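Work through the exercises below with the structure open. Try each task before reading its solution.

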Amino acid sequence: MVRVFNASYTSMYHVTSQAPPLQEQASPMEKQLLLLCLLLPAPVTPHEPGPLPAAGFGLCLGIGSYYIWNRISPGERCKDLGQVDVTALQEDLEKRVFGQHLAKGITLRGLSGFVKNDNPKKALAMSFHGPTGTGKNYISQIIARHLYPEGMKSRYVHQFVTTLHFPHVQNFEMYKVQLQQWIRGNVTACKRSVFIFDEVDKMHPELIDAIKPYLDYYEHIEGVDYRKAIFIFLSNAAGEIINKLALDFWKAGKVREDIKLSDVEHHLSLSAFNMKDSGFWHSSLIDRNLIDFYVPFLPLEQQHVKMCIKREIMDGGIIVDDELISKVANDMTYYPKDEKVFSVKGCKVVSTKLNFYLLPTMNGTVDRPRNLSVFSNLFNFVSWVFWGICSSISSFFYFVFWGISSLFLNIFYLISWVFWGICSLFLNLFYLVRWVFWVTCAIFLNIHFVYENYVLVALCFSEFR
Ligand SMILES: Nc1ncnc2c1ncn2[C@@H]1O[C@H](COP(=O)(O)OP(=O)(O)OP(=O)(O)O)[C@@H](O)[C@H]1O
Ligand SMILES: [Mg+2]
């Protein structure tokens, strides 16, 4: 009886065809040949990573990382406002604002109390009053920067300047509608929105009254909650009164820092309301006590002007020069005429005056102290030399490193190709040998099979006969 078995025809790599059935009677040598055939590996084609999939993967990785970074990065978002760093705000005010102890104190207290309160009863309304150039815009800019990192450029900080945004008094009805829509839209988008109204004293009273509902104690108006918004009004209203108060203090030989809010506050609201030229005239904002803080800005003395000049110089990265500071300070106008105590324009024209002194004159020379000029030129020269040395060293190292690494990479690449060539040659040779063996085995086995069957049949026939 003939038993047939199927050899399991698997190899480490891949099977290319089905194995033919083999006879059990195969000799040991035949079996060894068969085993050798099976063990011979199939030819392998080495794969190199294609440049296109790699680029695609890199692109996806880049886009993914950008998206994730955008999600987790501390970018400007409306809800971030609650975490105002009051200490940082205080430091900034102390460092940058001069001669305004009242304004700094009131703003800081008012603002920190408001932002810490999660459930305020009404929107915060502060009214900055004072003569020109005393820091009203300046402090509101600092506040904006501490509320939102992008400051005045933030999409949550909105500034209206009467002469710019509401220039034609006769159009106040139209402005009123637009302003209300603007406030409503922005507070709907972000409850912690900041609105700064500059030159309020030039604003139409009805336009001021249009803002009134948003400052009142309503939980919401037409479904919008305005109680977390901040409104800052800037004006020169009551500037005269503040000037007079400061001058009286000076004449009485008192320290400026002794002026208390109580000395000014009452005058402030009254005068702002009573001044016929002021926009607050007939406006019910003050009448209805909707302004939370009246912030007086005192006129600046020469010492404060000097501080402004010094800060301006330092911000410009120029070496501080006392002679230059005195020159610029003396170029400003002061009042009263005889005493020359307060600066007429505060610190407003400081940067312009300073630039004038720093600008090259008609002869092409710089009109500023010689030592300053020498120092700055020397500094420039040294920095250029340093830059030149650093950049040449870095370029040298860059090229050397690039050259060496690319040389090694190319050598490695060449070796890998040679290696790959040799390997694939050997593998293909093995593959060929394997097939030759397999074919030889198969022929041999089949001949053997036919012969044995022939003998068997012949024996049967002879037996039968
Ligand atoms: N108290 C101050 N401390 C430091 N710098 C000041 C001060 N006041 C004004 N400055 C400087 O003067 C510039 C002009 O001041 P700012 O625009 O704030 O004046 P203002 O009070 O708004 O005047 P105005 O009433 O004319 O609008 C500021 O950008 C700032 O550089
Ligand atoms: Mg201003």
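**Exercise 1. A residue in strand 3**

S127 has 27 C-beta neighbours inside 10 Å. The model is predicted. Task: classify S127 as buried or exposed, then describe its surroundings.

Solution.
- Step 1. Take the cut-off: 20 or more other C-beta atoms within 10 Å make a residue buried.
- Step 2. Apply it. S127 counts as buried because it has 27 such neighbours.
- Step 3. Place the residue. S127 belongs to strand 3, residues 124-129.
- Step 4. List its contacts. Beyond four places in sequence, S127 touches F233, I291, Y294 and V295.
- Step 5. Add a long-range pair. L268 is 141 residues away from S127 in sequence, yet the two C-alpha atoms are 9.7 Å apart.

**Exercise 2. A residue in strand 6**

Task: decide whether L234 is buried or exposed, and find which residues it contacts outside its sequence neighbourhood.

Solution.
- Step 1. Locate L234: it lies in strand 6, which spans residues 230-235.
- Step 2. Count neighbours. L234 has 25 other C-beta atoms within 10 Å, so it is buried.
- Step 3. Read the contacts, leaving out neighbours within four places. They are F128, K136, N137, S140, I196, F197, D198 and V200.
- Step 4. Check one pair by C-alpha distance. L234 and S140 are 94 residues apart along the chain and 8.9 Å apart in space.

**Exercise 3. Two positive phi values**

Task: find where E199 and E222 sit, and compare their phi angles with the general expectation.

Solution.
- Step 1. Recall the background. Most residues other than glycine have a negative phi.
- Step 2. Read the angles. Phi of E199 is near 55 degrees. E222 has a phi of about 50 degrees. Both values are positive, and neither residue is a glycine.
- Step 3. Place E199. It is in the loop between strand 5 (194-198) and helix 8.
- Step 4. Place E222. It is in the loop between helix 8 and strand 6.
- Step 5. Assign exposure. E199 is partly exposed because 18 other C-beta atoms lie within 10 Å. E222 has 8 and is therefore exposed.

**Exercise 4. Inside helix 8**

Task: state how exposed D209 is and how far its C-alpha atom lies from that of K176.

Solution.
- Step 1. D209 is in helix 8, residues 205-215.
- Step 2. Its count is 16 C-beta neighbours inside 10 Å, so D209 is partly exposed.
- Step 3. The C-alpha atoms of D209 and K176 are separated by 9.0 Å, with these positions 33 residues apart along the chain.

**Exercise 5. An unusual peptide bond**

Task: identify the geometry of the bond from Y335 to P336 and its location.

Solution.
- Step 1. Most peptide bonds are trans.
- Step 2. Omega from Y335 to P336 is near -10 degrees, and the bond is cis.
- Step 3. P336 falls in the loop between strand 8 (334-335) and strand 9 (342-343).

**Exercise 6. The shell around ligand 1**

Task: what surrounds ligand 1, and which parts of the chain supply it?

Solution.
- Step 1. The shell holds 20 residues, with T132, G135, K136, Y138 and C347 the closest.
- Step 2. Sort by class: eight are nonpolar, nine polar and three charged.
- Step 3. Find the main contributor. Helix 5 (residues 136-147) gives the largest share, three residues.
- Step 4. Go up to domains. Domain 1 (78-299) and domain 2 (304-371) each supply at least three residues.

**Exercise 7. The whole chain and its confidence**

Task: summarise the fold, the annotated spans and the parts of low pLDDT.

Solution.
- Step 1. Count elements: 15 helices and nine strands.
- Step 2. Assess burial. Of the 465 residues, 26% are buried.
- Step 3. Assess contact range. Among contacts with a separation of 6 or more, 78% join residues 24 or more positions apart.
- Step 4. Consult the record. The unreviewed UniProt entry annotates "transmembrane region" at residues 381-404, 411-431 and 437-461.
- Step 5. Compare two of these spans with the model. Residues 411-431 are 100% helix, with end C-alpha atoms 30 Å apart. Residues 437-461 are also 100% helix, and their ends lie 36 Å apart.
- Step 6. Check confidence. Mean pLDDT is 81, and 75% of residues reach 70 or more. Residues 40-46 are below 50, with 20 contacts beyond near neighbours in sequence. Residues 361-370 also stay under 50, with twelve contacts beyond four places in sequence.

Methods. Residues numbered from 1 in each chain as written. Chains lettered and ligands numbered in written order. Predicted model: local features only at pLDDT ≥ 70, side-chain atom pairs only at ≥ 80, totals over all residues. Near = placed C-beta within 6 Å. Helix = DSSP H or I, 4+ residues; strand = E, 2+ residues; numbered from the N terminus. Nonpolar A, V, L, I, M, F, W, Y, C, P; charged D, E, K, R; others polar. Domains from an automatic or database assignment. Buried ≥ 20, exposed ≤ 12 C-beta atoms within 10 Å, placed from the backbone. Contact = placed C-beta atoms within 7 Å. UniProt positions renumbered as here; feature names shortened; annotations may be inferred. pLDDT = per-residue confidence, 0-100.
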